[in-house]
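Thanks for passing this one along. Here are my notes, in the order I'd want to read them with the viewer open.

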Amino acid sequence: MRCTLLGTADVTSVPPPFRTLADADATARRRRSGVLIETETTTLLIDVPPEFHEGLREVGVRTVDAILVTHWHRDHIGGINDLALAAQILDFALYLTPTAQDRFAREMPSLTDAFTIQDLMHGEPITVGDLEITPIPVAHGRPESDTLGFRLERETETMVYAPDFANWCPDMKGGGAYTDADLAILEATPVVAPELLSTDNPPKNPVAKAAASRTVLTHVNEYVVEKSTAELEAIVTEAGYELGEDFASYTVAS
Ligand SMILES: [Zn+2]
C-alpha cells in the first residue's frame, strides 16, 4: 500500500490569504489536507479539499475507486463542487457519515444526486478493492460534524490516517482502532502547539498513544503556530516523528 499526501495544511492553507510564504516563515506551500492511497489494484482518496484536483494532477492520478470523507468541514470537503463534475465521467462511491450526508443534503441539495453515496459508520469496516477500512471516531467538531480517522489494512500492512482531531475516543464504537499501525499520518497540533487545541481537558499526547512504527504529522500551519518550517521540523524530530509535506509519498510495509 502506498500513501501520498496531497495536502498537509489546516483550514487556511500555507500561506494563508493575503500572506506570502516568507510571511508564514514556511519553505513550501501547504494545501488543505487530503491523502491518496494506492495499491496495485485500488485507488482511494480521503477527503476532497478545495485543491484536490490540483493534487491529483500533480501525482498523475486519472481515476479513483472510492472517496472517503473524514468530516464535513470546508477544508476537507471544499472541492465537492468540482468532484460533482468528475462524478459525471468516473464511477466511484462517495462514503460519508450520516451527519455529513444530512449536511450535504441541506447545504448543497443540487449536488447530492451527482453521487453514489455510501454510509460510513463508527467501527464498521468497509471494503474497497483489496483494502479493508475501519472508520475510527475521533474528538473534533461533534455533534455538528461527526469526525473520523481511518484504519486501512491490506494483507499484513496497516496504516492509520487521522488528519484533524484533538483526542481519541476509545469508548466509542471503533474508537480504539488507532493503535500499532505500520504508518500513522496524524494531526500535528497535539505535538507542535497543544495550547491551540480547543478542548477543556487537553489530552496527553494522543500521537504517542497511537504507537505506530512510523508517524508523520500533518494539518500544519507555520503562520498560525508562529514557528518556521525548520522550527517545526526540529520539534517533530525531537519527539520521534516526521513532518509531512505536500506530495510526500510513503510505502506502508509491515
Ligand atoms: Zn475540521
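The points below go from the whole chain to the metal site, then to a few strands and single residues.

1. **Whole chain.** First off, keep in mind that this is a predicted model. The protein chain comes to 9 helices and 15 strands. Its radius of gyration is 17 Å, close to the 18 Å that the globule rule gives for 254 residues, so the chain is as compact as a globular protein of that length. If you're setting up a box, the C-alpha atoms fill roughly 45 × 40 × 40 Å along the principal axes.

2. **Burial and contacts.** Of the 254 residues, 56% count as buried. Take the contacts with a separation of 6 or more: 66% of them are between residues 24 or more positions apart.

3. **Zinc site, donors.** Which protein atoms hold the zinc ion as donors? They are NE2 of His71, ND1 of His73, NE2 of His140 and OD of Asp164, at 2.2 to 2.3 Å from the ion. Along the sequence, the spacing of these donor residues reads H-x1-H-x66-H-x23-D.

4. **Zinc site, geometry.** Why is the arrangement around the zinc ion irregular? The 4 donor atoms subtend angles of 88 to 177°. Four donors count as tetrahedral only if all angles lie between 85 and 135 degrees, so the upper end of that 88 to 177° range rules the label out. Water is not among the atoms, so the site may look incomplete.

5. **Zinc site, a long-range pair.** Histidine 73 and aspartate 164 link distant parts of the chain, being 91 residues apart. Histidine 73 sits in the loop between β4 (66-68) and α3 (74-77), and aspartate 164 in the loop between β10 and β11 (167-168). Their exposure is worth a look too: histidine 73 counts as partly exposed at 26% relative accessibility, while aspartate 164 counts as buried at 9%.

6. **Strand β12.** This strand covers residues 183-187, and 5 of its 5 residues are buried. β12 pairs in the parallel sense with β10 (residues 157-162) over 4 bridges, and tyrosine 161 stands opposite isoleucine 185 there. β12 also pairs with β13 (residues 214-218), again in the parallel sense, over 5 bridges. Leucine 186 has leucine 217 of β13 as its bridge partner.

7. **Threonine 97.** Is this residue buried or exposed? Threonine 97 is buried, with a relative accessible area of 1%. It belongs to the loop between β5 (93-96) and α5 (98-107), and its side chain reaches the backbone nitrogen of alanine 100 at 3.0 Å. Beyond four places in sequence, threonine 97 is in contact with Leu120, Asp146 and Leu148.

8. **Methionine 121.** You'll find this one in the loop between β6 (116-119) and β7 (126-128). Methionine 121 is partly exposed at 32% relative accessible area and, setting aside residues up to four places away, touches Pro98 and Pro135. Threonine 134 is 13 residues from methionine 121 in sequence, with 8.7 Å between the C-alpha atoms.

9. **Methionine 172.** This methionine lies in the loop between β11 and β12 and counts as partly exposed, at 29% relative accessibility. With residues up to four places away left out, methionine 172 touches His122, Pro137 and Arg142. Valine 14 is 158 residues from methionine 172 along the chain, and their C-alpha atoms are separated by 34 Å.

How values were computed
Residues are numbered from 1 along each chain as its sequence is written. This is a predicted model: local features need pLDDT of at least 70, side-chain atom pairs count only at pLDDT 80 or more; totals for chains, interfaces and linings use all residues. Side-chain values use heavy atoms; hydrogens and water are left out. Helices (H or I, at least four residues) and strands (E, at least two) are DSSP runs, numbered from the N terminus. Buried means under 20% relative accessible area, exposed over 50%, partly exposed in between (1.4 Å probe, protein chains only). Contact means heavy atoms within 4.5 Å. Two strands pair if DSSP finds at least two bridges between them. Donors are N, O and S atoms within 2.8 Å of the metal (3.2 Å for Na, K and Ca); water is not among the atoms, so sites may look incomplete. Four donors count as tetrahedral if all angles lie between 85 and 135 degrees; four count as square planar and six as octahedral if opposite donors are over 155 degrees apart and all others between 65 and 115; anything else is irregular. A polar contact is a pair of N or O atoms within 3.5 Å; within protein, one must be able to donate a hydrogen and the other to accept it, and residues adjacent in sequence count only if both atoms are side-chain atoms. The radius of gyration is taken over C-alpha atoms; the globule rule is 2.2 Å times the number of residues to the power 0.38.
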